[in-house]
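Here is a short set of exercises to work through with the model open beside you. Try each task first, then follow the solution step by step.

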Amino acid sequence: MRVTLATMTWLISFVYSYSYKVNNLPDIENEDFIKECVRIHNKFRSEVTPTARDMRYMTWDPALAKIAKAWAKTCQFRHNPQLKSSKMHPNFTSLGENIWTGSLSLFSESSAISNWYNEIKDYDFNTRRCTKVCGHYTQVVWADSYKVGCAVQFCPRVSGFESLSNGAHFICNYGPAGNYPTWPYQKGYTCSACPPDDKCLQNLCVNPKRDKVTRYYSLVDPAWPIFLRNRYTSLFLIANSIILIMSVIITIWIKKKYPNLSLLD
């Protein structure tokens, strides 16, 4: 009886602990999650070696986060094939993407983004040669990418990552996309090549207008594929739906009130 009771206690504790970790994965609107994703990206961008002349400060983009969440929900360890579509985002014609997949116990925003940045050891800036995988690192420090949106999803299984079960699937999307066949940034004295209206803050080019967090309006948060709508399109669709419903109600009322009335000859 003691063994059975001890086993049951352990199982309850294990299930509770496991459930707690799953339920504690942050949502894309979690302020601490947002701040940490942005902070770590800017930390690494401000500390690049060699130093950067044109590194832009990076801020959060809710639309990019929504796109990342929609793709993360599919639990696939591969890049989103829709990112090059000009319809994906209201401001960017192409988007970048980094993916990290691992156990729930290992996941944190810091560990995942650090894992990408650590690819710097395999990257030679002068020659742009990479001895292993460096694309995650170069996207993190791509000077012209100034918006980021991330999401993490619990996945019982991840297609393309069969060795893992019950893991955390973390994705960050970037705008505009990086990783073109050139250097990720211009090396030189920090902020010396910032745009004319920018200021220098912690080795990064800052512009309040560019760095403003823009909220994009959407009626739904659908499964993939996702289509973003602006505020006016959303209001138009709401008004259309209301008019359609009212038309049906009025038609039914007229038919009941005046059963002999013929609307059409």
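**Exercise 1. Are C75 and C155 buried or exposed?**

Solution.
Step 1: Settle the ground rules. This is a predicted model, in which local features need pLDDT of at least 70 and side-chain atom pairs count only at pLDDT 80 or more, while totals for chains, interfaces and linings use all residues. Residues are numbered from 1 along each chain as its sequence is written, and side-chain values use heavy atoms, with hydrogens and water left out.
Step 2: Fix the term. Buried means under 20% relative accessible area, exposed means over 50%, and partly exposed lies in between (1.4 Å probe, protein chains only).
Step 3: Apply it. Both C75 and C155 are buried.
Step 4: Look at the bond. The sulfur atoms of C75 and C155 are 2.1 Å apart and form a disulfide, the term for a pair of cysteine sulfur atoms within 2.5 Å.
Step 5: Find the handedness. The torsion about the S-S bond of C75 and C155 is about -90°, so this disulfide is left-handed.
Step 6: Place the ends. C75 sits in the loop between helix 3 (62-72) and strand 2 (96-103), and C155 in strand 5 (residues 147-157), so the pair ties together parts that are 80 residues apart in sequence. Helices (H or I, at least four residues) and strands (E, at least two) are DSSP runs numbered from the N terminus.

**Exercise 2. How many disulfides does a search of the whole structure find, and what is the pairing of the bonded cysteines in sequence order?**

Solution.
Step 1: Count. The search finds 5 disulfides.
Step 2: Number the bonded cysteines in sequence order; the pairing then reads 1-5, 2-3, 4-6, 7-9, 8-10.
Step 3: Take C130 and C134, joined by a disulfide with an S to S distance of 2.0 Å. Its torsion is about 90°, so this disulfide is right-handed. C130 is partly exposed at a relative accessible area of 34%, whereas C134 counts as buried at 5%.
Step 4: Turn to C150 and C172, whose sulfur atoms are 2.0 Å apart in a disulfide. The torsion about their S-S bond is about 105°, so this one is right-handed. The pair links distant parts of the chain, with C150 in strand 5 and C172 in strand 6 (residues 165-175), 22 residues apart. Both C150 and C172 are buried.

**Exercise 3. Why does the sulfur of C37 form no bond with the closest cysteine sulfur?**

Solution.
Step 1: Find the neighbour. The closest cysteine sulfur belongs to C150.
Step 2: Check the distance. The two sulfur atoms are 4.0 Å apart, too far for a bond.
Step 3: Check the surroundings. C37 is buried, with a relative accessible area of 0%.

**Exercise 4. In which order do the 4 strands of the open sheet lie, and what packs on the sheet?**

Solution.
Step 1: Recall the principle. Strands of a sheet pair through backbone hydrogen bonds, either parallel or antiparallel. Here two strands pair if DSSP finds at least two bridges between them.
Step 2: Read the order. The strands run 1-5-6-2, with mixed pairing. Strand 1 (59-60) and strand 2 are the edge strands, each pairing on one side only.
Step 3: Inspect one pair. Strand 2 and strand 6 run antiparallel and are joined by 8 bridges. G102 has A168 in strand 6 as its bridge partner.
Step 4: Add the helix. Helix 2 (residues 31-46) packs on the sheet and touches strand 1, strand 5 and strand 6. The direction of helix 2 makes about 115° with that of strand 5; axes are lines fitted to C-alpha atoms, for helices over the stretch in contact (heavy atoms within 4.5 Å), and angles run from 0 to 180 degrees between N-to-C directions.

**Exercise 5. Where are the cis peptide bonds at P50 and P176, and where do N179 and N203 lie?**

Solution.
Step 1: Start with T49 and P50, joined by a cis peptide bond with omega about 0°. P50 lies in the loop between helix 2 and strand 1.
Step 2: Move to G175 and P176, where the peptide bond is cis with omega near -15°. P176 is in the loop between strand 6 and strand 7 (199-201).
Step 3: Stay in that loop for N179, which has a positive phi of about 65° although it is not a glycine. N179 is partly exposed, at 40% relative accessibility.
Step 4: Finish with N203, in the loop between strand 7 and strand 8 (204-206). Its phi is near 70°, a positive value in a residue other than glycine, and N203 is partly exposed at 32%.
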